[in-house]
Amino acid sequence: MTQDEQDRVEPRTREAYERVAGWYRDFIEEADNANNLAEVPAMRRLIGDVRGLRILDLGCGQGRYSIWCAQWGARVVGLELSERMVALGRAAAERARVTVDFRVGPASDLAHFPSASFDGVVSGMAVDYFDDLPAVAAQIHRVLRPGGWFVFSVCHPIRLAGERVETAEGPVRIVSRYFEKGVKEWRWMRDDHHELVPTWGYLRTVADYVDVLAEAGFLVERLWEPEPVPEARELYPGKYADLIAAPQFLLIRAIKPRCPQGGDGTPAWAAGGGQAAGESGAG
Ligand SMILES: C[S@@+](CC[C@H](N)C(=O)[O-])C[C@H]1O[C@@H](n2cnc3c(N)ncnc32)[C@H](O)[C@@H]1O
């Protein structure tokens, strides 16, 4: 392995998800997991009506969002690093009686998709792992048609920057290294023998995500830090207390403008170089 490959998270993520795939499939089915109480309902609202749309799901895993979009009438390509996750996705799509074009491959290489070939790109809880996010954002922008959207969720940056402390008033989060950059190791998923498996993800601030999108030419339409669904308060009071203490997820919906934007957000047609209003090229 070269130094460059060692520094990248992608090969380690592939290996980790090959190991945790079975555990992860069971985890996402748990009604009281934080994703199901806050992230999934918010993502579905941000994705919206997908009938007849062409959707690319990056880091699709076992197809949570791919299958949901297909059930609502979209034509979906699911791209995923881990072969085992894809196998679980294919089985889940078959059970749900929908068609999803699952492919094994990295989000870092979208070259095989033609420009403007998707109406929407979705990515649930995977962008945290992406190496060289500006390059991936530029590729997402290219494969979207003008007016298309990119909706994704990540672990909220303040969750990654601190630690959870129990107090008499309930759980509290101490945020201490918010601006720290680099790669952080987490251990919360398990393999088939219930051993903890390490994964690595990038520390980025909320502004980092917005900056990356703006620099790729996107307009941020919505930024959402979802609270738990109200019914969680009675059903799962412990989880509710934790999720209401501080946001666990950050969701963004960004649009590829129909008219290309300059780096400062100025539409290209207004950014100079063209003719001023009233000027005529004739004569
Ligand atoms: C936390 S899981 C989320 C799976 C699914 N999107 C969901 O919402 O349940 C993250 C997934 O992203 C995949 N992933 C991470 N980095 C990736 C990359 N660079 N290219 C493709 N898939 C990636 C992992 O293999 C894993 O299946």
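The legends below accompany close-up views of a predicted model.

**View 1. The chain as a whole, with its helices and strands.** In this predicted model, the chain is built from 10 helices and 11 strands. Of its 283 residues, 36% count as buried. When contacts between residues at least 6 apart in sequence are considered, 68% of them join residues that are at least 24 apart.

**View 2. The open sheet and the order of its strands.** Seen across the sheet, 7 strands follow one another in the order β3-β2-β1-β4-β5-β11-β10, and this open sheet has mixed pairing. Its edges are formed by β3, which covers residues 101-104, and by β10, which covers residues 219-224, each of them pairing on one side only. From one strand to the next, the twist averages 15°. As background to this view, the strands of a sheet pair through backbone hydrogen bonds, and they may do so in either a parallel or an antiparallel way.

**View 3. The pairing of β5 with β11.** Strand β5, made up of residues 144-155, runs antiparallel to strand β11, made up of residues 249-255, and 7 bridges join the two. Within this pairing, S153 has L251 of β11 standing opposite.

**View 4. Helix α5 against the strands β2 and β3.** Helix α5, which spans residues 83-96, lies across β2 (75-80) and β3. Relative to β3, helix α5 runs at about 170°.

**View 5. The largest nonpolar core and the surroundings of I55.** The largest nonpolar core holds 67 residues, and those touching the most other members are I55, L56, C69, V121 and F150. Strand β5 supplies the largest share of this core, with 6 residues. If neighbours within four places in sequence are left aside, I55 is in contact with V50, C69, A74, V76, F118, D119, G120 and V122. Such a grouping can be set beside a general tendency, by which nonpolar side chains in soluble globular proteins are buried together.

**View 6. The shell of residues around the ligand.** The ligand is surrounded by 22 residues, of which the closest are G59, G61, A107, G124 and A126. Two or more residues of this shell come from each of the elements α2 (10-29), α4 (64-71) and β2, and the largest share, 4 residues, is given by α2. Sorted by class, the shell around the ligand comprises 13 nonpolar, 6 polar and 3 charged residues.

Notes: Residues are numbered from 1 along each chain as its sequence is written. This is a predicted model: local features need pLDDT of at least 70, side-chain atom pairs count only at pLDDT 80 or more; totals for chains, interfaces and linings use all residues. A residue is buried if 20 or more other C-beta atoms lie within 10 Å of its own, exposed if 12 or fewer, and partly exposed in between; C-beta atoms are placed from the backbone. Two residues are in contact if their C-beta atoms, placed from the backbone, lie within 7 Å. Two strands pair if DSSP finds at least two bridges between them. Axes are lines fitted to C-alpha atoms, for helices over the stretch in contact, and angles run from 0 to 180 degrees between N-to-C directions. A nonpolar core is a set of buried Ala, Val, Leu, Ile, Met, Phe, Trp, Tyr and Cys residues joined through C-beta atoms within 7 Å. A residue is near a molecule or strand if its C-beta atom, placed from the backbone, lies within 6 Å of it. Ala, Val, Leu, Ile, Met, Phe, Trp, Tyr, Cys and Pro count as nonpolar, Asp, Glu, Lys and Arg as charged, and the others, Gly among them, as polar.
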